Amino acid sequence: MGEFDTICAIASAMTNSGIGIIRVSGDDAIEKVDNIFQGKNKLSDMDSHTVSYGHIVFKDKIIDEVMVLVLRAPRTYTRENTIEIDCHGGIIVMQQILKAVIAQGVRPADPGEFTKRAFLNGRIDLSQAESVMDIIDSKSALSLENSKNQLFGLLSKKIKSLRESIIYEIAFIESALDDPEHISLDGYEDRLLEKVKIIENDLKKMIDSADNGSMVRDGIKTSIIGKPNAGKSSLLNLLSKKDRAIVTDIAGTTRDTLEEQIMLRGISLIIMDTAGIRETEDVVEAIGVKKAIDTIDDSDLILYVVDSSTKLDENDKHIIEKIKDSNVIVLLNKSDLNSLVTEEEISDMVNGPVITFSAKNGDGLDILEDKIDEMFFSGILSDDHEIYITNARHLNALTNAYNSMANVKYSIEMSMPEDFLSIDLMEAYTQLGYIIGESIDDDLMDEIFSKFCTGK
Ligand code: GDP
């Protein structure tokens, strides 16, 4: 365990709410808070994981009526002695209590410092520490699920087992080189090649999962396209209805693009260029179509809205041509009117399901939700042992490790000397170590934890 000073922070949100929590962690956390606590019990006499009712009294003045939780090392979040003061959740009262704690010689914590200590004191590894923030930041149920899997150590376990198999081979090569009389490398390279292929394959799977990973974390990048008047903005309005969606406006890169996040059954859709969609009918037709088409390449999903009350025309053909290689769901909109377009007519031309739909009365919305679920997340995360890479730092390390394994393969094929193999194996081992926080430098650690909120 490291030697650290005692730190404190307001752990609950800095807004008025029912309950506020002040967290104190460090060797003398309990004694320091005892100085300002008056209750039936002295905190220092209390057993771990027990609660006491009382008051915070500072400079002879009662600041608040509180419940204080005593948590003794090592069974705590940071593995240090920890106190949590539950007080009334007003900003001023929380600040006054914090001030009283600081006056006892306790230092205000940096962002993420409690979690950093959990990491430095060996309770969790770095990937687990990073997942804590992902849990707090989760924008969808799926994203939360994935972050929890990471916190529970699924990624760490996988990385550790890969590292174990790599270090075994390094040790074998090194011992054979040291003691060629007793350990023979005859036929070893064939065995190693088999192993390298397995490891490479495992790494590749994780790297590929990052595509889904970003969808899990941030949402499915979705474009709504269709010719003017097809019902695009009506669809957007339907999807963003308050009772089934959370809508946030995210300013886009240019002045007139706007993204909205929409939640459907725990899945987050990032609807791109909603400014373009919401342009009114008097905007020149060509521009509306063109703008939407610009977003196609960047989309995970295209919702193609067809006005089924009019025949397909040149605009539709143009769009169909552009989206033929994309993931598309076709909405045959205005199904409440007389239909002039059939499902068969269109399903031959596009790569995806066709749904009879009405943005006006919501018909087909359930089927749309089913289809999105099926297309992107069928089985995703249903298997407890699955983890999706959502963190750029992890992806980078995995890619470097993968490249090193490819070098090992190459060296074997080129019959290079064994110490070449061991260098690249070592590089893969080191890269994987970065994910769980082995041998990372202080600057990187500071950068990672500085993104946390204070009190976590
Ligand atoms: P956009 O130009 O593609 O965004 O189309 P809008 O959403 O503005 O819709 C164009 C017109 O079609 C509006 O008058 C809508 O009320 C109407 N509309 C949209 N969806 C439906 C639908 O499902 N049924 C009917 N009857 N009208 C619709």
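Reader: Which residues of α7 meet which ones in α15?
Author: On the α7 side they are E189, L192 and L203, and in α15 they meet E418, L421, L425 and L432. Meeting here is a contact, with heavy atoms within 4.5 Å. Helices (H or I, at least four residues) and strands (E, at least two) are DSSP runs, numbered from the N terminus.

Reader: How do those contact residues divide into nonpolar, polar and charged?
Author: Five are nonpolar, none is polar and two are charged. Ala, Val, Leu, Ile, Met, Phe, Trp, Tyr, Cys and Pro count as nonpolar, Asp, Glu, Lys and Arg as charged, and the others, Gly among them, as polar.

Reader: OK, and what am I looking at, before I go on?
Author: It's a predicted model, where local features need pLDDT of at least 70 and side-chain atom pairs count only at pLDDT 80 or more, while totals for chains, interfaces and linings use all residues. Residues are numbered from 1 along each chain as its sequence is written, and side-chain values use heavy atoms, with hydrogens and water left out.

Reader: Back to the helix pair. At what angle do α7 and α15 cross?
Author: Roughly 25 degrees, and the axes of α7 (residues 188–218) and α15 (residues 418–436) come within 13 Å. That makes α7 roughly parallel to α15, a label for angles under 35 degrees (over 145 is roughly antiparallel, 65 to 115 roughly perpendicular, and the rest oblique). Axes are lines fitted to C-alpha atoms, for helices over the stretch in contact, and angles run from 0 to 180 degrees between N-to-C directions.

Reader: New topic: what's the strand order in the open sheet?
Author: Its seven strands run β3-β4-β5-β6-β2-β1-β7, with mixed pairing. β3 (37–39) and β7 (107–108) are the edge strands, each pairing on one side only. Two strands pair if DSSP finds at least two bridges between them.

Reader: In which sense do β5 and β6 pair?
Author: Antiparallel, over five bridges, between residues 61–71 of β5 and 82–88 of β6. In one of the bridges, V70 has I83 of β6 as its partner.

Reader: Which helix packs on that sheet, touching β1?
Author: α3 (residues 113–120), which also touches β2 (19–25) and β7. Its direction makes about 135 degrees with that of β1 (7–10).

Reader: How many of the α3 residues are buried?
Author: Seven of eight, so to speak of α3 as mostly covered is fair. Buried means under 20% relative accessible area, exposed over 50%, and partly exposed in between (1.4 Å probe, protein chains only). The buried residues of α3 pack against β1, β2, β7, α4 (126–137), α15 and α16 (442–450).

Reader: What about T115 in there, buried or exposed?
Author: T115 counts as buried because its relative accessibility is 0%. Leaving aside residues up to four places away in sequence, T115 touches Y77, I124, A129, V132, F449, F452 and K456.

Reader: And just after α3, which residue takes a positive phi?
Author: G122, at about 80 degrees.

Reader: Jumping to β13: how many of its residues are buried?
Author: Six of the six in β13 (residues 328–333), so the strand is largely enclosed by the rest of the structure. V328, V330 and L332 point one way, while I329, L331 and N333 point the other.

Reader: In which sense does β12 pair with β13?
Author: Parallel, over six bridges, with β12 spanning residues 301–307. V305 has L331 of β13 as its bridge partner.

Reader: Last one: how many helices and strands does the protein have?
Author: 16 helices and 14 strands. Of its 456 residues, 48% count as buried.
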